[in-house]
Amino acid sequence: HASTYRVHPPLMKHHMRQFFGERNFAFMNGKEWKFYRSAVHKAFNPAALEAAQHCIEKVACTLKGSLQREIDQGNDGDDQNVPSITMEILPLLKLATLDVFGLMALGENIGGCASLEPSPIAQAFEYLSDEMTRRMHSKNPFNTFYFIPTRSNLRHKKERQVLCDVLQ
């Protein structure tokens, strides 16, 4: 069945293995893939999402409090009588998503919404994601060699270790 036995291009597989590790969800096939796909699917059923509601609300309240604090501390609006701030929404959504994941999956408060700054985990994930994309689209054949001690390879190793430390 096509959804059970997926074949990835070798270059994509190589870079994804450097990001996610050898045994990751993206490369599973057959019975193993079905087992984990089923487990992930169960995590998003209505009962599981209802159980996650508490964590989502906790993160939302933290984010609201942090944004209110920012508004109270500074006003960049035209009308000085109406407090306001200007912020990009995508980074805030990333912070909230990672905070919810941390509470639900890791039982850990990552704290991005409290500080409104990306945590080391968020920075590592962002770097590795961007780096994988860059390398997959690069025509430079040396981008496939992660063992050469270049600046980007050393940073890749450091950021991957940050994620491994959290997930183990």
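Okay, let's start with Ser129. It comes out at 25% relative accessibility, so we call Ser129 partly exposed; the cut-off for buried is under 20%, and exposed only begins over 50%. Keep in mind that this is a predicted model.

Where does Ser129 sit? In helix 6. And how far is Ser129 from Phe20? In sequence, the two are 109 residues apart, but go through space, C-alpha to C-alpha, and you get 9.9 Å.

Okay, zooming out for a second. What's the protein made of? Seven helices and zero strands. Walk along the sequence and you just read α-α-α-α-α-α-α. There are 168 residues in the protein, and 27% of them count as buried. Now the contacts: take those in the protein with a separation of 6 or more, and 54% of them are between residues 24 or more positions apart. As for the surface, the protein exposes about 11700 Å², with carbon and sulfur atoms supplying 61% of that.

Now, back to single residues, and here's one I'd like you to look at: Glu159. You'll find Glu159 in helix 7, which covers residues 151–167. Is Glu159 buried or exposed? Well, its relative accessibility is 6%, so Glu159 counts as buried. Remember, anything under 20% goes in that bin. So who is Glu159 touching? If we ignore the neighbours within four places in sequence, Glu159 has contacts with Gln123, Ala124, Tyr127 and Leu128. For orientation, helix 6 spans 120–137, so flip between that stretch and helix 7 on the screen.

Right, last thing: a pocket. The general idea is simple enough: you roll a probe the size of a water molecule over the atoms, and that shows where empty space is left. I'm going to talk about the second largest pocket, which has a volume of about 280 Å³. Its lining has 14 residues, and the ones nearest the centre are Pro91, Lys94, Pro118, Ala122 and Glu126.

Which helices supply at least two residues each to that lining? Helix 4, which is 89–106, and helix 6 again. Helix 4 has the largest share, with five residues. And what's the lining like by class? For the second largest pocket we have nine nonpolar residues, one polar and four charged.

So, to recap: Ser129 in helix 6 is partly exposed, Glu159 in helix 7 is buried, and helix 6 also turns up in the lining of the second largest pocket. Okay, that's me done. Over to you.

Terms used:
Residues are numbered from 1 along each chain as its sequence is written. This is a predicted model: local features need pLDDT of at least 70, side-chain atom pairs count only at pLDDT 80 or more; totals for chains, interfaces and linings use all residues. Side-chain values use heavy atoms; hydrogens and water are left out. Helices (H or I, at least four residues) and strands (E, at least two) are DSSP runs, numbered from the N terminus. Buried means under 20% relative accessible area, exposed over 50%, partly exposed in between (1.4 Å probe, protein chains only). Contact means heavy atoms within 4.5 Å. On a 1 Å grid over the protein atoms alone, a cavity is a set of points where a 1.4 Å probe fits but cannot get out, and a pocket is an open set with protein on both sides within 12 Å along at least five of seven lines; lining residues have an atom within 4 Å of a point. Grid points are joined across faces, edges and corners, and a volume is the space filled by probe spheres set on the points. Ala, Val, Leu, Ile, Met, Phe, Trp, Tyr, Cys and Pro count as nonpolar, Asp, Glu, Lys and Arg as charged, and the others, Gly among them, as polar. Accessible areas come from the Shrake-Rupley method with a 1.4 Å probe; for residues, only the protein chains shown count as cover.
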